[in-house]
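Q: Got a minute to go through this one with me? I'd like to start with the packing.

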Amino acid sequence: MKKSKKNTSPSFFSEIYGAYFRTVRKILGSDTLTRKQINKITEENAFRDSILYIPSSIIPNSEGKSEWGLLKSGADGEYKSLVKSTPTPMTVLQKRWLKSKLSDSRIKLFLDDEGFDKLTHLLEDVEPLYSDDTFFCFDKFSDGDCYESESYRSSFRLLLSAIKAKSLVHIDYTSAKGNVISAEYLPLRFEYSDKNDRLRLICSRAYISDNKAYSFDSCIRMNLSRIKSVSLSSFSCTSEPDISLSDKRSYVYLEVTHDRNGIERFMVEFAPFEKRTVYNAETDSCSVMLIYPTDDESEILIRLLSFGGVIRVLNPKDVNPSDFLTEELDISSMTTSRIADDIAKRVKAQQMLLSKRF
């Protein structure tokens with residue numbers, strides 16, 4: 001009789017991450033529990049009918065025995081765990097994914113050399129889930145940040161600590177014009193540009209008086225690769241800084257044609273952004289209302305220009321907003337995009353350059 005081949009392919013789902021395991025892990029993680037507390041944990045973390053199964057299986061009977069044998073009876077009707085710790089083991093799929101991430105140079109931003117080498121050793125017998133050749137990225141710059149640079153990694157880690165602690169830092173930064181700017185800043189968060197493969201720091205410049213920061217500028221962005229040096233500031237804030245990142249949104253109307261698989265490419269490129277779409281079967285094109293954070297307008301413009309003639313920016317006056325609006329969407333709080341004007345200026349500048357050449 002021919003033996004069936006064992007299925008060794010990784011599963012995307014595992015019972016150790018299910019509701020039953022989560023619930024029991026939470027019960028075992030407590031020092032002592034009463035029956036009432038066990039019932040409450042079961043009701044809050046498992047299914048509605050789990051109250052009929054989990055407590056009766058885990059709570060010892062009058063003889064101190066239970067189906068699962070994970071708890072022991074204590075004083076005053078309390079129960080204690082017989083398990084010292086309840087770690088969650090990694091699945092084969094998770095290990096393969098982690099092995100693949102070790103080939104990403106950005107992983108060293110979060111791991112020091114010792115941690116990286118230790119993890120590499122632990123996963124040396126694991127087959128990667130994918131390799132760098134699995135994905136082909138187009139419309140992406142090849143001169144991204146050097147994530148393996150020791151100075152770059154040190155700057156990133158110090159800034160990350162400062163963001164968590166809400167601490168001031170002193171930054172020496174080279175501007176786009178080549179000028180070196182030295183000042184105190186309050187780092188707020190990082191931003192990653194997939195197209196440019198660069199990390200940016202969103203921060204606010206602090207103004208110092210009597211060795212304390214008393215006011216802050218609006219948020220700015222600076223490329224991490226342009227930071228020459230960064231150190232914790234010797235100054236402190238006078239009070240908890242009240243700086244909120246801009247939540248303003250803008251919108252732009254677009255027409256996306258099916259040429260060169262334009263609609264599918266557009267949907268993939270702008271998947272993270274909110275959209276309203278209307279498909280026109282006669283022209284085989286898609287009208288889109290693209291909604292994005294106003295601070296990201298320059299990034300959006302660069303992405304749109306990379307599509308060339310596949311995308312046409314529409315004049316808001318030529319669009320009927322009711323085709324896109326729903327009850328949940330209110331454009332009164334949004335600003336109209338300046339993208340159309342920016343594109344027109346760029347086209348005009350290119351035409352002037354061409355006219356001078358010919």
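A short chat about cores, a pocket and one threonine follows.

Q: What kind of model is this?
A: It is a predicted model.

Q: How many residues does the largest nonpolar core have?
A: It has 19. Those with the most contacts inside the core are Leu-159, Ile-171, Leu-201, Met-222, Leu-224 and Ile-227.

Q: Which elements each supply at least two residues of this core?
A: Helix H6 (150-165) does, along with strands E4 (169-174), E5 (180-193), E6 (198-209) and E9 (227-232). H6 gives the largest share, five residues.

Q: What is Leu-201 in contact with, leaving aside neighbours within four places in sequence?
A: Leu-159, Ile-163, Ile-171, Pro-187, Arg-189, Phe-190, Ile-220, Arg-221, Met-222 and Leu-224.

Q: And which residues does the second core include?
A: Leu-254, Phe-266, Leu-290 and Ile-339 are among them. That core is separate and has 18 residues.

Q: Switching to pockets. What is the volume of the largest pocket?
A: About 520 Å³.

Q: Which lining residues are closest to its centre?
A: Of the 20 that line the pocket, Asp-104, Arg-106, Asp-132, Cys-137 and Lys-140 are the closest.

Q: How does the lining split by class?
A: Six nonpolar, six polar and eight charged residues.

Q: Now Thr-257. Buried or exposed?
A: Thr-257 counts as buried because its relative accessible area is 19%, and the cut-off for buried is under 20%.

Q: Where does Thr-257 lie?
A: In strand E11, residues 249-257. Beyond neighbours within four places in sequence, Thr-257 is in contact with Gly-262, Ile-263, Asp-284, Ser-285 and Val-310.

Notes
Residues numbered from 1 in each chain as written. Predicted model: local features only at pLDDT ≥ 70, side-chain atom pairs only at ≥ 80, totals over all residues. Heavy atoms only, no water. Core = buried A, V, L, I, M, F, W, Y, C linked by side-chain atoms within 4.5 Å. Buried < 20%, exposed > 50% of the residue type's maximum accessible area, 1.4 Å probe, protein only. Helix = DSSP H or I, 4+ residues; strand = E, 2+ residues; numbered from the N terminus. Contact = heavy atoms within 4.5 Å. 1 Å grid on protein atoms, 1.4 Å probe; cavity = no way out; pocket = protein on both sides within 12 Å on 5 of 7 lines; lining within 4 Å. Points joined across faces, edges and corners; volume = space filled by probe spheres on them. Nonpolar A, V, L, I, M, F, W, Y, C, P; charged D, E, K, R; others polar.
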